[in-house]
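Here is a short set of exercises to work through with the model open beside you. Try each task first, then follow the solution step by step.

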Amino acid sequence: MKKKTVLAMLIMCMAFGAAACGNDKESGKTQTEEPAAGETEASSTENEKTDSGEKEEAEKVRLVSVSDVSDYVTIGNYKGLELDNIVQPVSDEDVEAEIEYRLQDSSTEVTDGTVEQGDLATVNYTGTIDGQEFEGGSAEDYEFTVGDSGMAADFDNGVIGMKKGDTKEVTVNFPADYYDTSVAGKTAVYEITLQKFTRTPELTDQWVAENSDVKTVDEYRQSVKADLEENASELARMDLYASAWTMVLDASEVKEYPQEDIDKASQAYKDLNEQYIQEAGMDMNEFLESQGISEEEYEEECSRYAQAKVEQNLIVQGIMDQENLSLEDQETQELQGQLIQEYGVTDINQLVEIYGQQEVNESLALLRVEKFIVDNATVDEKVGSGSGDDAAQNEDVVTEDAAYDTGIDGDTSGDYVDADGGDMAEEEAGDVVIEE
């Protein structure tokens with residue numbers, strides 16, 4: 001199983017604790033409310049027992065329907081693993097590229113001035129050859145960096161000096177070796193209207209002071225490098241957790257799948273895809289055709305997905321049972337807090353409302369177990385080669401306070417995901433699945 005399958009569950013990592021809050025809210029009472037008129041002390045005591053029973057029941061929520069997972073899965077060794085935490089180094093080129101990205105991100109529209117080399121221009125244009133429009137020669141709201149449009153140099157040079165709203169004709173002489181053979185060696189006339197253009201600011205002490213917590217360019221470069229190094233540490237930690245889980249997963253073996261759990265997981269997967277189908281304005285036949293699969297193949301895929309999910313839940317539940325881990329312990333609460341911050345929500349209830357309590361429980365449990373595996377492993381801290389591969393040299397590179405980061409940038413819900421975690425359809429509507 002690929003890491004994507006494991007990490008796909010991280011999308012809904014929150015805490016189980018919200019369930020108890022929901023019960024209290026539904027009861028319509030607070031702990032300080034007095035018994036209603038005529039309510040006896042015995043009935044009050046009975047209510048307390050009921051509340052206590054509800055909390056106890058909530059704490060017994062499990063990921064699978066079976067009480068003894070050992071009847072269904074043999075869990076591989078998950079203690080004393082030998083793992084590598086490989087952190088990629090940050091080069092000066094990385095720093096400059098990040099600074100350039102940040103400068104571009106803070107570009108502002110120029111309303112009183114003319115286009116210069118390097119500006120980001122948006123134009124409408126119509127091209128003609130011998131007075132006739134040609135295929136691919138016209139566009140609206142075409143956005144490009146002046147000097148790097150990918151078109152002939154005459155086109156870019158012709159835009160330089162234009163003001164917002166200007167229209168002009170630009171003659172473009174395509175070279176004989178131009179990549180588009182239909183216009184290679186020909187002369188085209190473009191009527192170009194400049195819609196707008198933005199300009200990237202220069203990296204100066206003034207810009208730094210206005211856009212960061214430091215004052216000088218040198219200090220800014222140092223802070224950017226520190227940010228990148230922190231991010232590299234977090235990404236390495238993410239990969240460490242995923243690798244740890246994959247080792248345990250590969251060493252485990254399912255004896256039998258609980259049918260109740262398989263049915264629930266398969267239906268949840270179908271519901272996910274049906275949501276995508278609806279939001280994409282398709283019916284099931286159109287969806288299957290877009291994926292190039294038959295109905296039978298789709299059912300098989302749903303079954304494989306369900307088995308992968310149930311296998312994960314069986315292993316996670318088994319480790320939690322064996323090690324007496326809880327979704328309410330301090331480590332889990334810390335993971336919950338990190339994910340609340342990661343997703344930019346105010347509290348767990350928001351995430352539960354979006355993804356559902358079951359997914360919340362499963363995701364948080366997986367994170368908790370991954371943390372336990374890593375905490376009980378021998379971890380060799382290494383620095384990567386910088387080329388993105390696994391080649392590394394031994395070196396202590398991770399700070400003690402490096403935080404675990406899921407590395408998830410955004411949601412891609414609605415994606416049709418195969419049992420190994422691979423995308424089979426690009427998302428077109430509201431997302432509910434987040435992948436690595």
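Trp245, Val248 and Leu249 of α7 make contact with Glu311, Gln312, Ile315, Val316 and Ile319 of α10. Keep in mind that this is a predicted model.

**Exercise 1. Two helices that meet**

Task: Work out how helix α7 and helix α10 are oriented where they pack.

Solution:
- Step 1. Locate the two elements: α7 covers residues 217–251 and α10 covers residues 295–323.
- Step 2. Read off the geometry: the axes are 11 Å apart and the packing angle is about 100°.
- Step 3. Classify the angle. Values from 65 to 115 degrees count as roughly perpendicular, so α7 is roughly perpendicular to α10.

**Exercise 2. Checking the length of α10**

Task: Compare the span expected for α10 with the distance between its end C-alpha atoms.

Solution:
- Step 1. α10 has 29 residues.
- Step 2. The expected span is 1.5 Å times one less than the number of residues, which gives 42 Å for α10.
- Step 3. The end C-alpha atoms of α10 are 42 Å apart, in agreement with that expectation.
- Step 4. Now look just past the helix: α10 is followed by asparagine 324, with a positive phi near 55°. Asparagine 324 has this positive phi although it is not a glycine.
- Step 5. Place the residue: asparagine 324 lies in the loop between α10 and α11 (330–343). Its relative accessible area is 70%, so asparagine 324 is exposed.

**Exercise 3. The two sides of α8**

Task: Check the length of helix α8, then decide how its buried residues are arranged around the axis.

Solution:
- Step 1. α8 runs over residues 259–279, a stretch of 21 residues that should span 30 Å at 1.5 Å a residue. Its end C-alpha atoms are 30 Å apart, so expectation and model agree.
- Step 2. List the buried residues of α8: Asp261, Ile262, Ala265, Ser266, Tyr269, Lys270, Leu272, Asn273, Tyr276 and Ile277.
- Step 3. Look down the axis of α8: these buried residues fall within an arc of 165°, so they line one face of the helix.
- Step 4. Recall the helical repeat: an α-helix has 3.6 residues a turn, so residues three or four places apart point the same way.
- Step 5. Turn to the face pointing away from the buried side of α8, where the exposed residues Lys264 and Gln278 sit.
- Step 6. Just after α8 comes glycine 281, with a positive phi of about 70°.

**Exercise 4. The same question for α9**

Task: Which residues of helix α9 are buried, and which exposed residues are on the face turned away from them?

Solution:
- Step 1. In α9 (residues 284–291), the buried residues are Phe287, Leu288 and Gln291.
- Step 2. Down the axis of α9, they fall within an arc of 95°, so they line one face.
- Step 3. The face of α9 turned away from that buried side carries exposed Asn285 and Glu289.

**Exercise 5. Aromatic rings around tyrosine 190**

Task: Classify the ring pairs that tyrosine 190 makes with tyrosine 125 and with phenylalanine 134.

Solution:
- Step 1. Begin with the total: the structure holds 14 aromatic pairs.
- Step 2. For tyrosine 125 and tyrosine 190, the ring centres are 5.6 Å apart and the planes meet at 70°. Planes over 60 degrees apart count as edge-to-face, so that is the class of this pair.
- Step 3. Map that pair onto the chain: tyrosine 125 is in strand β4 (residues 120–129) and tyrosine 190 in strand β7 (residues 187–199), 65 residues apart.
- Step 4. Check burial, for which the cut-off is under 20% relative accessible area. Tyrosine 125 is buried at 8%, and tyrosine 190 is buried at 2%.
- Step 5. For phenylalanine 134 and tyrosine 190, the ring centres are 6.2 Å apart and the planes are at 80°, so this pair is edge-to-face.
- Step 6. Phenylalanine 134 is in strand β5 (residues 132–145), 56 residues from tyrosine 190. With a relative accessible area of 17%, phenylalanine 134 is buried.
- Step 7. Widen the view: Tyr125, Phe134, Tyr142, Phe144, Phe155 and Tyr190 form one aromatic cluster.

Technical notes
Residues are numbered from 1 along each chain as its sequence is written. This is a predicted model: local features need pLDDT of at least 70, side-chain atom pairs count only at pLDDT 80 or more; totals for chains, interfaces and linings use all residues. Side-chain values use heavy atoms; hydrogens and water are left out. Helices (H or I, at least four residues) and strands (E, at least two) are DSSP runs, numbered from the N terminus. Buried means under 20% relative accessible area, exposed over 50%, partly exposed in between (1.4 Å probe, protein chains only). The arc is that of the directions from the helix axis to the C-beta atoms. Rings of Phe, Tyr and Trp (its six-membered ring) pair if their centres lie within 6.5 Å; planes under 30 degrees apart count as stacked, over 60 as edge-to-face and the rest as tilted. Axes are lines fitted to C-alpha atoms, for helices over the stretch in contact, and angles run from 0 to 180 degrees between N-to-C directions. Angles under 35 degrees count as roughly parallel, over 145 as roughly antiparallel, 65 to 115 as roughly perpendicular and the rest as oblique. Contact means heavy atoms within 4.5 Å.
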